[in-house]
Amino acid sequence: MKKKWWHDKVAYQIYPKSFLDTNGDGIGDLRGIISKLDYLKELGIDIIWLSPIYQSPFVDQGYDISDYYSIAAEFGTMDEFDELLAEAKKRDMYIIMDLVINHCSDKHEWFQKALANPDGEYADYFYFRDGKNGNPPNNYRSYFGGSCWEPVPGTDKYYFHMFAKEQPDLNWENPLLRQKLFDMVNWWLEKGLAGFRIDAIMNIKKDLDFPTLEPDGSDGLSSCWRMIESVDGIGELLEDLKKNTFERYDAFTVAEVFNMNKDELNQFIGDNGHFSTIFDFSAHTLSDGIHGWYDAPDIDFKKWRETIIKSQIEIEQIGFEANIIENHDEPRGVSRFLPEYGRNSDGTKMLGTISILLRGIPFIYQGQEIGMQNAIWNSIEEFNDINTIDQYQIATEAGLTDSQALSACCKMSRDNARTPMQWNNSINAGFTIGTPWLKINPNYKSINVETQEHNPDSVLNYYRKLISIRKSPYYKETFTYGEFIPVYENTENIMAYYRVLDNQRILIVSNFGKETVSIDLNYPIKKILLSNMNRATISMNSLNLNSCEVLVLECDN
Ligand code: TEU
Ligand code: CA
């Protein structure tokens, strides 16, 4: 495997709208991000991924871009963005942006021109199709509910959108459109961007016949991702993109890939992959409901452990994936992957350790480093997210009561990750002096950065140690390139693995159970690298692990 500059890096996702507001409008901004670069540097972060900051009507929180070349006024100016790039560079940090090119906003100039002339050049930037006897061309259901087809006013035509109707899909079969997108990508890379997180990229390849599919819901529609799953030929488009853009700049790319054919992994990552890396969502899809959030299963520890182990072993043969416990589309990891008795600082540290020392590129989502949790939502009105509003409706239509539908959303809503960052225990958690755009999690008085700064045992200070061990010159090669070897995988409640390189062997061992578990040690322990319960010594042959205890141990190999 060829060594790459990003292999040993630690990344952090910023959701700009909720990070830090410096002008009191209740919306996080670039100034806020610039002012926290030192905080991120001290945490050990190298790469910062910014969720979309382009001009947007914010129907889907910036994932609906109306101008790829402008910064949303809500966030600041292009000068401020350039300043952010320069300030990051001074600190040896890299900025990557979200690249949303499956669709744009319906307010984008291209789409406005397409609407103005549905038979003209710009209509071919999108998918405009004739209806069938006054009905949409087929029966696909969009991710955010309802048909994927929206009437083009004044015509018998419809346009295609896999997400909201305000997010028309771009026609990647059109070479002119592709070239415009490549030019845009290169324009940002020229500016000094280190790369991109690439949004919903599997969706760019359509089955141009748009075949009607077997309905999978009582609405008579079929989930549009079924087309994505069955269509071939995405590789060509992705290579075209890579060759014309990223490759020329040695850019780092991390793609959001769902519905990939498992045996095509070697085309997506590895030395010649379409991307540097992709996110490992295998643990997250364990709580996919068949019909929606209302029938989403809880995470079962055994399945979770098995899934991570399987995924690590598969990926190891091919390249690197990016490990997350949460992002802006997911509920908080602490509230999801930990048992109820573990949703405290010990459990939070344990989960973080298991995730960050896996083989792969760790991505920390803002607030994860202080153990932010799902918020408490009292009514559907409190949510902003378009997906949540749709899921609420799906649940009530399936016969759930309002309060049952609300509780499904409380558990799964994307807004759980989007509540403002908790900086201190003053009003609005120090996020804004104005009115926050989304409610603040009421637990900010106890969970916030400032309080944790002063406590040597805090989650924040633990994350700092954890990352610094991963990056310490002495262990870095092992944590980056070392083999992943699962161990104690048949011992109830234990999640453990070795990272091994040459003659270095590190054991990461944790107890997700409620009771103490005793394990035999297969190798003598040389050194305790990290302990969430401040253990100072370890007996020779066996180990009694407390509930929610995690240890990182250097073994005698
Ligand atoms: O998400 C793509 C995607 O497939 C989502 O439907 C995802 O499965 C869902 O949010 C989980 O609840 C990306 C972005 O990450 C998301 O924020 C955007 O809404 C979406 O693309 C459209 O751009
Ligand atoms: Ca602001």
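Me: Before we look at phenylalanine 58, what does buried mean here?

Reply: Buried means under 20% relative accessible area, and exposed means over 50%, with partly exposed in between. In this predicted model, phenylalanine 58 has 14% relative accessibility and therefore counts as buried. Phenylalanine 58 lies in the loop between strand S3 (54–55) and strand S4 (67–71), and has a positive phi of about 60 degrees although it is not a glycine.

Me: Where does asparagine 259 lie, and is asparagine 259 buried or partly exposed?

Reply: Asparagine 259, whose phi is also positive and near 60 degrees in a residue other than glycine, lies in the loop between strand S12 (252–255) and H9. Its relative accessibility is 23%, so asparagine 259 counts as partly exposed.

Me: Which residues are the protein donors of the calcium ion (ligand 2)?

Reply: The donors are Asp21 (OD), Asn23 (OD1), Asp25 (OD), Ile27 (O) and Asp29 (OD), lying 2.3 to 2.4 Å from the ion, and along the chain they follow the spacing D-x1-N-x1-D-x1-I-x1-D. Of these donors, aspartate 25 is partly exposed, with a relative accessible area of 36%, whereas aspartate 29 is buried, at 4%.

Me: How should I read helix H10, and what span should its 16 residues have?

Reply: An α-helix has 3.6 residues a turn, so residues three or four places apart point the same way. At 1.5 Å a residue, helix H10 (residues 301–316) should span 22 Å, and its end C-alpha atoms are 23 Å apart, which agrees. Among the buried residues of H10 are Phe301, Trp304, Ile308 and Ile315; the buried residues of H10 pack against elements including helix H12 (345–356) and strand S17 (494–501).

Definitions and conventions
Residues numbered from 1 in each chain as written. Chains lettered and ligands numbered in written order. Predicted model: local features only at pLDDT ≥ 70, side-chain atom pairs only at ≥ 80, totals over all residues. Heavy atoms only, no water. Donors = N, O, S within 2.8 Å, 3.2 Å for Na, K, Ca; no water. Buried < 20%, exposed > 50% of the residue type's maximum accessible area, 1.4 Å probe, protein only. Helix = DSSP H or I, 4+ residues; strand = E, 2+ residues; numbered from the N terminus. Expected span 1.5 Å × (residues − 1). Contact = heavy atoms within 4.5 Å.
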